[in-house]
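Got the model open in your viewer? Set the chain to cartoon, keep the selection box handy, and we'll go stop by stop.

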Amino acid sequence: LEILVTILNMNDNNPVFKQTKLTEVVPEDTKVNATIVAREDLSASDADLDTIFYELTTIVAGTDGYFAIKGVNNPEIYLQKTLDYEKFNSTTLVLYARDRPVGSTDTTNTATTTINIFIEEADTKPPWFLPCTFINTDKSICISSPYTGRVNISEMSTEPLILEPGPIYAIDPDYTLNEKIVYSIVGGDTDKVFSVDADTGNLTMNKLATSPDSYLLQVMATQVNNIQKYSIASVEIKVINKSNHAPYFESRIYNGTVFVGVAPRSFVLQAGDLSSPLMITAADDDFPNV
């Protein structure tokens, strides 16, 4: 008598990952949809030869939604959203491998592996001129106001010019990188009246300003390590006549007369001359004809 015996495979083995813990360093400027961890590094095996179903979770608050797997049967992890080092610089993912689909009523065996992700700051932002104002809630863009200053016509200044709201100064907003910045004038100074110190940003004069017209300079701040990372600020230099004298009142005492009951905003009259409004005048010897 010939007896055929069929051995039925029992689901008695857990899926097994090659590694139960992985660490990946991801540059901040990694492109969306780029692979972070390859499928071959994450695939689990099952001695029962069952199909493996995967699920990825994020266990660090505020960092979910950035990483995902390609599919329920493909554990390859890819970047789903643009990274920002200022928002977070590390997170932890847990990848589940099951030998039955999620929600199955059959006996299910599960394995997990932990993936620690560390974000490496990249040189993503151009220099910022200070002071500046943030224009978005995540503080990734900061806009500076124009700088302004004054020089006297036909007079040479040997000191750095005093500017408002402060001296020319720019920083690398990728704070941990803090790349060196140099300054240059790239427009508005066709007569070469001014120069800027490449290292400090101090603005000085090369020669006299002989025209009363204002100068509107464009000063560029550039990262030494990458000339494509730059910003440009406007600097308005007004050319004025030098003031050698302070203004003064033409009389030390002014006397006026006002009547009781007059309407608001009525003229105060000249004392002793009720037909003329009281006039308070000042003079400046720098402007003798005014």
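Which residue in the turn of the hairpin formed by S23 and S24 has a positive phi? Select Gly272: its phi is about 85 degrees, and two residues lie between the strands of this hairpin. Before going on, note that this is a predicted model, where local features need pLDDT of at least 70 and side-chain atom pairs count only at pLDDT 80 or more, while totals for chains, interfaces and linings use all residues. Residues are numbered from 1 along each chain as its sequence is written, and side-chain values use heavy atoms, with hydrogens and water left out.

Stay on the hairpin and colour strand S23 (residues 269-270) and strand S24 (residues 273-277): they run antiparallel and are joined by two bridges. Strands here are DSSP runs of E of at least two residues, helices are runs of H or I of at least four, and both are numbered from the N terminus. Two strands pair if DSSP finds at least two bridges between them. Pick Gln270 and you'll find its bridge partner, Asp273, in S24.

Next, the annotated spans. UniProt, in an unreviewed entry, places "domain: Cadherin" at residues 18-129 and 145-249; its positions are given in the numbering used here, feature names are shortened, and annotations may be inferred rather than shown by experiment. Select 18-129: this span is 4% helix and 46% strand, with its end C-alpha atoms 50 Å apart. Residues 145-249 come out at 0% helix and 47% strand, with end C-alpha atoms 37 Å apart.

Now zoom to Leu83, in the loop between strand S7 (74-79) and strand S8 (90-98). Is Leu83 buried or exposed? Leu83 counts as buried because its relative accessibility is 6%; the cut-offs are under 20% relative accessible area for buried, over 50% for exposed and partly exposed in between, using a 1.4 Å probe and protein chains only. Show what it touches: setting aside neighbours within four places in sequence, Leu83 contacts Val26, Pro27, Glu28, Tyr66, Phe67, Phe88 and Ile119 (contact means heavy atoms within 4.5 Å).

Hop to Leu130, in the loop between strand S10 (128-129) and strand S11 (132-134). Leu130 has a relative accessible area of 25%, so it is partly exposed. Beyond its neighbours within four places in sequence, Leu130 contacts Tyr147, Pro167, Tyr169 and Ile171. Try a distance too: Asp99 is 31 residues away along the chain, and the two C-alpha atoms are separated by 58 Å.

For a strand pairing, select S13 (residues 147-152) with S20: they pair in the parallel sense over six bridges. Asn152 stands opposite Ile240 in S20. On S13 you can also pick Gly149, which stands opposite Leu163 in S14; S13 and strand S14 (residues 163-164) pair in the antiparallel sense over two bridges.

Last stop: the largest lining by class. Turn on the side chains around the largest pocket, where 10 nonpolar, five polar and no charged residues form the lining. Nonpolar covers Ala, Val, Leu, Ile, Met, Phe, Trp, Tyr, Cys and Pro, charged covers Asp, Glu, Lys and Arg, and the others, Gly among them, are polar. S20 gives the most to this lining, with four residues.
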